[in-house]
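Reader: Please take one part of this model, the pockets together with the helices around them, and describe it closely. I should also like the backbone and the remaining helix packing to be placed in relation to that part.

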Amino acid sequence: MAARAPGRVNLIGEHTDYNDGFVLPMATTQSTWVAAAPRADDRLRAVSLTLDAEFVEEPAATGPSALRGWAAYVGGVAVALRERGIRVPGADLLIDSDVPIGGGLSSSAALELATLLALLELAGCRMEAVAAADLARQVEHRFAGVPCGIMDQYASALGRADTVLLLDCRTRQWEHIPLVLGDYVVAVVDSGVRHDLAAGEYVRRQAECRRAVELLRVRHPQVCALRDATEAMLAELAREAEKPVAARARHVVTENARTLAAADALRRGDLARLGQLMLESHRSLQRDYEVSVPALDRLVEIAGRVEGVPGARLTGGGFGGCIVALVHRDALARLREALRRDYDAAGWGPARVLVTRAGPGAELVWSAAGVA
Ligand code: GLA
C-alpha cells in the first residue's frame, strides 16, 4: 500500500501559530510518498530515494534519543503509534518526495504524515485528520526537537485542492477558502540558503513572545497569548519592554490582522491587495521579527520589481529557505530572467523557481484492496 502527504506553502500568517493566531497556508501538489509492505519480523526498514539512505529500527532499542535525522521522523511515528497501543507490524518502507528538503515547505510534516498513514493502514487502523496532524506534530517536538506550532501538520493533513486553509490556531477551527487566481500562479523561489541556527532562533522568538505576554498580563490579565494583544497594548510595550520584545509583539499583532485581511482579499478576488499584504508581511518579518536573511530580502526585492508580481514574502520559519510570490503567467519568464541576472549572476544563486498549486491533503493512494 502507499500513502501521500503534501508539503505546504504559507501565503501569509508567519510565526503566528504558536501565538494562538491565524495562518493561511495551502497544501502543495509537491508531496512525499511512502510505499509500505509488511515484513515477517518486527523490524522497520526504511529506504529514502530522495536522500539515498536507509535505516533499520529494532523496536526494543528505539527511544527518542536513538533516532537522528529523517529516521527520527519515520521511527518517531512508529514509536508514537505504539505508545497509543497501536500494534505497528514490521514493515519495509520506500520513501520518495518532490518537496524540497529543508526549504521551509514542511518536508518534515509531509514525511511524518505519509509515514503515519502508511503505518496505520498496515496496522489496520484509521485516524481523523486532526488527530493525525496532532500526532505528527508531537513527533516533531519529541523526536526532531523542534517545538513547532500547528500550521505545518494541519496544512498537510487538511489541505484541499484549489483552496487555502484559514486556520484559527487557538480554536482550531478552519475554513477552506477557494484560491481563485485567474491568470496568476503561486511560485516558490528557493534561495538555496539553509540555516543551522534556525531551530535556536525559533525557540528564542517563542521566549520573546512569552515575555511580551508576561509584561502585558501585569495590567491586562485577560491576555493569554499575543493573539489577545491590541494596537493600544503595543504602545505600552514600546514604552516598557525591551526593544526586541516590543518588536516581536508588533509583528504578531499586525500579522494576524494582515492574515484576516488577506483571507478577505482572496474572498473578493482582490489579488493586488493580497500581494500588498504579502509585501508588508515580509517587511514585518524582516524588521520586527528579524527572521529574514539577506538572500530572502534580495529575492523579495527582485520579485517585487518584476511587472506582473503583485506580492512576495518569505514563507515558513525564515533564516533561509523559500519566498512565495504571486506571479502572472506572462511574468514567469521575466521573473526567471531577473533572478538569473540579479541573484544568480550576482553570486547569490542559483535561485530555483517552483510553480505550485493548492493540492489535496494527506491520503492513502493505494491500499492492499486496490486504489484507495
Ligand atoms: C515553522 C513551524 C511552524 C510555524 C512557522 C512560522 O514552519 O514549523 O509551526 O511556526 O515556522 O510561521
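Author: The account below begins with the pockets, turns to the helix pairs and ends with a cavity and two backbone features.

The model is predicted, so local features are given only at pLDDT of at least 70 and side-chain atom pairs only at pLDDT 80 or more, while totals for chains, interfaces and linings use all residues. Residues are numbered from 1 along each chain as its sequence is written, and side-chain values rest on heavy atoms, with hydrogens and water left out.

The largest pocket has a volume of about 1200 Å³. A pocket here is an open set of points on a 1 Å grid over the protein atoms alone, with protein on both sides within 12 Å along at least five of seven lines, and a lining residue has an atom within 4 Å of a point. The volume is the space filled by probe spheres set on the points, which are joined across faces, edges and corners. In the largest pocket, 49 residues form the lining, and Tyr73, Gly102, Ser108, Glu140 and Val146 lie nearest its centre. Two or more residues of this lining come from each of α1, β6 (91–97), α2 (107–123), α3, α4 (151–158) and α5. These elements are DSSP runs numbered from the N terminus, helices being H or I over at least four residues and strands E over at least two. α1 provides the largest share, four residues. By class, the lining has 21 nonpolar, 20 polar and eight charged residues; Ala, Val, Leu, Ile, Met, Phe, Trp, Tyr, Cys and Pro count as nonpolar, Asp, Glu, Lys and Arg as charged, and the others, Gly among them, as polar.

The second largest pocket holds about 280 Å³ of space. Its lining has 18 residues, with Leu117, Met127, Ala129, Ala362 and Glu363 nearest the centre. Here α2, α3, α4 and β13 (363–366) each supply at least two lining residues, and α2 gives the most, with four. Eleven residues of this lining are nonpolar, two are polar and five are charged.

Two helix pairs connect these elements. Two packed helices are described by the angle between their axes and the distance between the axes. The axes are lines fitted to C-alpha atoms, for helices over the stretch in contact, and angles run from 0 to 180 degrees between N-to-C directions. Helix α1 (residues 69–83) packs on helix α3 (residues 129–143) at an angle of about 115°, with the axes 9 Å apart. Their crossing is right-handed, meaning that the near helix is turned clockwise from the far one by less than a right angle, whereas anticlockwise would be left-handed. In contact, that is with heavy atoms within 4.5 Å, are Ala72, Tyr73, Gly76, Val77, Val79, Ala80, Leu81 and Glu83 of α1 and Leu135, Val139, Glu140, Arg142 and Phe143 of α3. Nine of the residues in this contact are nonpolar, one is polar and three are charged. Tyr73 and Glu140 thus appear both in this contact and among the residues nearest the centre of the largest pocket.

The axes of α2 and α4 also lie 9 Å apart, at an angle of about 50°. These two helices are therefore oblique to each other, on a scale where angles under 35 degrees count as roughly parallel, over 145 as roughly antiparallel, 65 to 115 as roughly perpendicular and the rest as oblique. α2 passes α4 in a right-handed crossing, and Ala109, Ala110, Glu112 and Leu113 of α2 meet Asp152, Gln153, Ser156 and Ala157 of α4. This contact has four nonpolar, two polar and two charged residues.

Another helix pair is formed by α8 (residues 271–287) and α9 (residues 294–305), whose axes come within 11 Å and cross at roughly 160°. They are therefore roughly antiparallel to each other. The crossing of α8 and α9 is left-handed, with Leu279, His282 and Gln286 of α8 against Leu296, Asp297 and Val300 of α9.

The structure also holds one cavity of 30 Å³ or more, a cavity being a set of points where a 1.4 Å probe fits but cannot get out. The volume of the largest cavity is about 40 Å³, and Leu215, Leu216, Arg219, Glu236, Leu237 and Glu240 line it. Its lining draws at least two residues each from α5 (198–219) and α6 (231–240).

Most residues other than glycine have a negative phi, and most peptide bonds are trans. Ser106, by contrast, has a positive phi, near 65°, and sits in the loop between β6 and α2. The peptide bond from Gly349 to Pro350 is cis, with omega near 5°, and Pro350 lies in the loop between α10 (332–344) and β12 (352–356).
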